[in-house]
Amino acid sequence: MMAWTVRSSGELAAGADATLYGRNDASTWWSVLDAGLGWGWVRAGDVALQPGTDLDRIPLR
């Protein structure tokens with residue numbers, strides 16, 4: 001599991017943390033789980049991944 005911070009996206013507040021579980025083929029969307037909102041997709045451009053995150057380790061969904 002990778003940690004990330006949302007800059008802005010739908011119902012997640014800017015700066016919110018959620019768990020990243022997957023990505024689409026182009027790595028333009030992330031599959032996430034937020035304790036309060038449940039499962040969803042977030043546009044990759046709205047996410048700041050932790051430095052050193054290995055995108056190859058994030059499974060396709």
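This presentation describes a predicted model of one protein chain, beginning with its overall make-up and then turning to a few residues.

Good morning. I shall start with the chain as a whole. Its secondary structure comprises zero helices and five strands, and the order from the N terminus is β-β-β-β-β. There are 61 residues in the chain, of which 33% are buried. The exposed surface comes to about 3,900 Å², and 51% of that is supplied by carbon and sulfur atoms. As for contacts, if we take those between residues at least 6 apart in sequence, 39% join residues at least 24 apart.

A word on confidence before we go into detail. The mean pLDDT of the chain is 80, with 84% of residues at 70 or more. Which element has the lowest mean pLDDT, and which the highest? Strand 1, residues 2-6, is the lowest with a mean of 51, and strand 3 is the highest with 87. Where pLDDT is low, the predicted coordinates should not be read in detail. I shall therefore say nothing further about the fine geometry of strand 1, given its mean of 51.

Let us move to strands 2 and 3. They run antiparallel and are joined by four bridges. Strand 2 covers residues 17-23 and includes Thr19. On the other side of the pairing, strand 3 spans residues 29-34 and contains Ser31. One of the bridges can be named: Leu20 has Val32 in strand 3 as its bridge partner. Val32 also lies 5.5 Å from Thr19, C-alpha to C-alpha, although 13 residues separate Thr19 and Val32 in sequence.

Is Ser31 buried or exposed? Ser31 is buried, because its relative accessible area is 6%, and the cut-off for that class is under 20%. Leaving aside residues up to four places away in sequence, Ser31 touches Thr19, Leu20, Tyr21, Gly22 and Arg23, together with Trp39, Gly40, Trp41 and Arg61. Thr19, one of those contacts, is partly exposed, with a relative accessibility of 25%.

Next, the loop that connects these two strands. The hairpin of strand 2 and strand 3 has five residues between the strands. Two residues of this loop deserve comment: Asn24 and Ser27. What phi does Ser27 have? Its phi is positive, at about 60°, although Ser27 is not a glycine. For context, most residues other than glycine have a negative phi. Ser27 is partly exposed, at 22% relative accessibility.

Asn24 connects to Ser27 within the loop: the side chain of Asn24 reaches the backbone nitrogen of Ser27 at 2.9 Å. Asn24 also touches Trp29, Trp41 and Leu60, again not counting residues up to four places away in sequence. Trp41 therefore appears twice in this account, since Ser31 touches Trp41 and Asn24 does as well.

Finally, charged side chains. How many salt bridges does a search of the whole structure find? The search finds one. The partners are Asp46 and Arg43, whose side chains meet at 2.9 Å, N to O. Side chains of opposite charge can pair when their charged atoms come close. The two partners fall into separate accessibility classes: Asp46 is buried, with a relative accessible area of 13%, whereas Arg43 is partly exposed at 42%.

To close, I would return to the hairpin. Strands 2 and 3 are antiparallel, strand 3 has the highest mean pLDDT among the elements, and Ser27 in the loop takes a positive phi. Thank you for your attention.

Notes: Residues are numbered from 1 along each chain as its sequence is written. Side-chain values use heavy atoms; hydrogens and water are left out. Buried means under 20% relative accessible area, exposed over 50%, partly exposed in between (1.4 Å probe, protein chains only). Contact means heavy atoms within 4.5 Å. Accessible areas come from the Shrake-Rupley method with a 1.4 Å probe; for residues, only the protein chains shown count as cover. Two strands pair if DSSP finds at least two bridges between them. pLDDT is the predictor's confidence in each residue, from 0 to 100. A polar contact is a pair of N or O atoms within 3.5 Å; within protein, one must be able to donate a hydrogen and the other to accept it, and residues adjacent in sequence count only if both atoms are side-chain atoms. A salt bridge is a side-chain nitrogen of Lys or Arg within 4 Å of a carboxyl oxygen of Asp or Glu.
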